[in-house]
Every structure is written in structure tokens, then in C-alpha cells.
Amino acid sequence: MCKRLLISIAGVLVALVPAAAFQPPGGQSEFVPVSSLPPAEQLPAAPLLIAAYAFVWVAVLVFVWSVWRRLTKVEADMRALQQRVGRSEGGAPR
Amino acid sequence: MRKYFVPLTIVVAAMFAYAPVMIANADYEVTMGLVQKIFYFHVPSWFAMFTAVFICGGASALFLFKRDPRFDRVAASAGEIAVLFGLIGLVTGPLWGRKAWGVWWQWDARLTMALLVELIFIGYLLVRNYGGPGSDKLAAAMAIFGTANVPFVYVSVNIWRTIHPKTTVVPTLKAGMFGAFWFSVAAFMLLLVLLMTLRLGLERQRALLDELYLAEDDHV
């Protein structure tokens, strides 16, 4: 009798486990804050795209400015040298 | 070349101003979406970088064999521009990777080798600027060594397992992406020509100044 009862309980439990497993999920009880979402969904693409395009412009402009600055210095040196040569030639004995 | 400088500047500025319109109208990539549009100036910047590297390497080899300082001036200009375009590629790539892969940087074969080539050319500039007398020949040898790395950077994605897109991406571009991509490539290549002209002008002026100093020394 007791053995039969145990087998019946075990049978009911075995039948209940899959039934419990296939229960539909309950309704959403709370909203999940956006900070807990995966990183791929947190990152908007537009700022990255704009940053990349802006960097191209900034890098090229800085390079052009750097060349211009060096060119200005070389030209100033050339002018100074020409003045020095002109002075020494003007003051040289004939 | 000087008389073409102003028209070329206008054309390049116009192309770079219009490029975002073409890129915005290009098709979206199915998995990456908007961030994939970085591709339209990331890849052309590497095209320009590799072209500048080949100019630098070729001119350095000619300088070593012929000892003509004009080749050295071309190499010095191209080396600096290679570093500029390499920097653009190395900054725009991680901005793309952060969204596409979830990380800024990955030590895989393509990224590591690209960084290595950039570092070799930064080293090239440092040797040129601070190496003292005779450093032009040492720098030329470095440039040839750096140039030899470029084919390996290009094929690295096909040889090793990497997360970087493969070399088949560009040849298989669909019509909706093809026009914007090759327009950007043309804009970057013209920018390379423009910057080379500008930078070579500086090298020519420096050579002239050196000649003037030497003439002054002889005069004294």
C-alpha cells in the first residue's frame, strides 16, 4: 500500500516537472534600466561616425598648419640670411 | 605643379565636403548599420597610407643607390604623410570596432601589423630628425624595411584568423556602396597628392636655405 502510494507521488512529480518547465513567463513586473542593457545596445553609432569624420579633418588641418609653420620659419631664416649677406657685401672693402 | 596647387586644393576641399552626402546616401550594411559608414574613410586612409609608404620606400631605395638628395626629399615628405594617414586609420578603426566588435582594440594579426608599420614610420621620422649626420641613409634603410611589411599587412586577414573584415570586402561591394567608396578613395588620393606637393615645397625651401648657408660659409 505504502509502496503504491510512493509510486503514485513519484509519477505525479515526474508529470509536473515538464508542465512547470513549459509554463509561459510571467508578465513584466518592472522596467529594466537602460544602463543594464548589453553594451552593443547602449552605444549609438552616430557619435562614433561623426568623431571619425571629424578626426580626419582635424588631423589633416593640423598637418597643413604644421607644414605652414615650418615653411614660415624657413622663409624667415632665408630673409635673415639674405639681409646678413647683403650687409656684409655692402660693408666689404672694394 | 605649383600652378595646379590652388585648383587641386579647391577640388579636394569640394570632394571632402561632398563625401558625407554620398556616404549618407550609401546603403546600410545589414549587421553593422550606421557605424559601418566609417569604412568610407577608414579604408581609403589606409590606401593613401600604403601609397605614401610605397613612395617613401621606392624613393629611399633610389636615394641609397643613386645618392641623389632629391629622392631623399621625396622620401622624407612621403614618410611624414604615411604617418598622418596611418594615424587616421588607427583612430577611425577603433571607433568602428567599439560598436562592431564591442572593443576598441584587439591584438589580432591585422591590427597589430598595421600598428607595427605605423611605429616603423614614426621611428623613420625620429631617426631623420634626431639621428645626426648620416641618419638619412639609416632612415632610408628603415623605410625599405617598413615598406616590405605592407604586403603582409594586406594579406594578414586572409592568412591568420582575425576579427577584421577580409580583403574580399572591397572587390565584392554592391552598387549601393561602390560609388561612395571609390569617391572617397579618389578624394583621399587627391589629398595625398596635395599634401605631397605642399610638403615637398617645404623640403625644397630647406634645401635652398642649406645651399645659402653653405654659400655664406664659402664667402666668409
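Two residues count as in contact here if their C-beta atoms, placed from the backbone, lie within 7 Å. Keep that cut-off handy for the exercises below, which use a predicted model.

**Exercise 1.** Work out which residues C56(B) is in contact with, leaving aside its neighbours within four places in sequence.

*Solution.* Start at the C-beta of C56(B) and apply the 7 Å cut-off. Skip anything within four places in sequence, and you're left with A75(B), A78(B), G79(B), A82(B), A143(B) and T147(B).

**Exercise 2.** Find the members of the largest nonpolar core that touch the most other members, then trace which helices supply the core.

*Solution.* First, the core holds 61 residues, and the ones touching the most other members are A52(B), C56(B), A75(B), A78(B) and A82(B). Next, look for helices that each supply at least two residues: chain B brings α1 (2-25), α2 (39-66), α3 (69-100), α4 (109-130), α5 (135-159) and α6 (175-219), and chain A joins in with α3 (45-91). Finally, pick out the top supplier: α2(B) gives the largest share, 14 residues.

**Exercise 3.** Describe the overall build of chain B, and say how confident the predictor is.

*Solution.* Begin with the secondary structure: six helices and zero strands. Then go for dimensions: the C-alpha atoms fill a box of roughly 70 × 40 × 25 Å along the principal axes. Of the 220 residues in chain B, 38% are buried. Now take contacts between residues at least 6 apart in sequence: 76% of them join residues at least 24 apart. Last comes confidence: chain B averages a pLDDT of 92, with 99% of the residues at 70 or above, while the model as a whole scores ipTM 0.91 and pTM 0.82.

Key: Residues are numbered from 1 along each chain as its sequence is written. Chains are lettered from A and ligands numbered from 1 in the order in which they are written. This is a predicted model: local features need pLDDT of at least 70, side-chain atom pairs count only at pLDDT 80 or more; totals for chains, interfaces and linings use all residues. A nonpolar core is a set of buried Ala, Val, Leu, Ile, Met, Phe, Trp, Tyr and Cys residues joined through C-beta atoms within 7 Å. A residue is buried if 20 or more other C-beta atoms lie within 10 Å of its own, exposed if 12 or fewer, and partly exposed in between; C-beta atoms are placed from the backbone. Helices (H or I, at least four residues) and strands (E, at least two) are DSSP runs, numbered from the N terminus. pLDDT is the predictor's confidence in each residue, from 0 to 100.
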